[in-house]
Amino acid sequence: MVDPRFDSPHHAVLGRATWLIQTNDLVEDVTENGSRIRRFNRLDLHLNSCYAILNKQCFNNALPGIPVYWAEHIDIQPDHLHSNAVYVPGDSVIKDPYIAIDDCLAGKYPLDQLCLLHEMVHVRIGPEFDHGEVFIAEFKRALDANKWEVMGCIDAPRFSSAPNSG
Ligand SMILES: [Zn+2]
């Protein structure tokens, strides 16, 4: 069902401010396949810093600079799945790629980082792959590079790149 606050299917800007959006206009993107992402239009400094840090740490800065937004709601087609995060690779309707993360995860470290890294793996392998072997292998590699901190292993022993002498 279409949210009545949005009267246009693409980039409908919410006209009525509430406390939540006084400084953050909402936009709703509807992708070519009908997925709907209702997101804040302002780049979040923390999320985008995390993207840059993970890009360096896990991908040797190989990923393109892709903006990351907080989302109010992510509805993925074809099954109307409510998703915690999404990588929108860009299509004929939504031209510029971005990542959106549900704002229910704001401040929920490391879950926000885990979802971000998940979407960055999608960026790395490309939208043609889902969650099969290619995804799993790349996610595992990225987790190792991150020392599994996004899995909550923040007290794990540090990996060493030096050969183990003992
Ligand atoms: Zn995924």
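At roughly what angle do the axes of α2 and helix α3 cross? I will come to that pair straight away, with the reminder that what we have here is a predicted model. The two axes come within 10 Å and cross at roughly 120°, and since only angles over 145 degrees would count as roughly antiparallel and those from 65 to 115 as roughly perpendicular, α2 and α3 are therefore oblique to each other. The crossing in which α2 passes α3 is right-handed. On the α2 side the contact is made by L117, H118, V121, R124 and I125, which meet V134, F135, E138, F139 and A142 of α3; by class, the residues of this contact divide into seven nonpolar, one polar and two charged.

Now the wider setting. The protein has three helices and six strands, and along the sequence they follow the pattern β-β-α-β-β-β-β-α-α. Of its 166 residues, 24% are buried, and if we take the contacts with a separation of 6 or more, 54% of them join residues 24 or more positions apart.

That brings me to the core. The largest nonpolar core holds 26 residues, and those touching the most other members are V68, I99, A100, I101, L116 and L117. At least two residues each are supplied by α1, β3, β5, β6 and α2, with the largest share, six residues, coming from α2.

Finally, let me return to L117, which belongs to that core and also takes part in the contact with α3. Leaving aside its neighbours within four places in sequence, L117 is in contact with L54, C58, A142, N146 and V150.

How values were computed. Residues are numbered from 1 along each chain as its sequence is written. This is a predicted model: local features need pLDDT of at least 70, side-chain atom pairs count only at pLDDT 80 or more; totals for chains, interfaces and linings use all residues. Helices (H or I, at least four residues) and strands (E, at least two) are DSSP runs, numbered from the N terminus. A residue is buried if 20 or more other C-beta atoms lie within 10 Å of its own, exposed if 12 or fewer, and partly exposed in between; C-beta atoms are placed from the backbone. Two residues are in contact if their C-beta atoms, placed from the backbone, lie within 7 Å. A nonpolar core is a set of buried Ala, Val, Leu, Ile, Met, Phe, Trp, Tyr and Cys residues joined through C-beta atoms within 7 Å. Axes are lines fitted to C-alpha atoms, for helices over the stretch in contact, and angles run from 0 to 180 degrees between N-to-C directions. Angles under 35 degrees count as roughly parallel, over 145 as roughly antiparallel, 65 to 115 as roughly perpendicular and the rest as oblique. A crossing is left-handed if the near helix is turned anticlockwise from the far one by less than a right angle, and right-handed if clockwise. Ala, Val, Leu, Ile, Met, Phe, Trp, Tyr, Cys and Pro count as nonpolar, Asp, Glu, Lys and Arg as charged, and the others, Gly among them, as polar.
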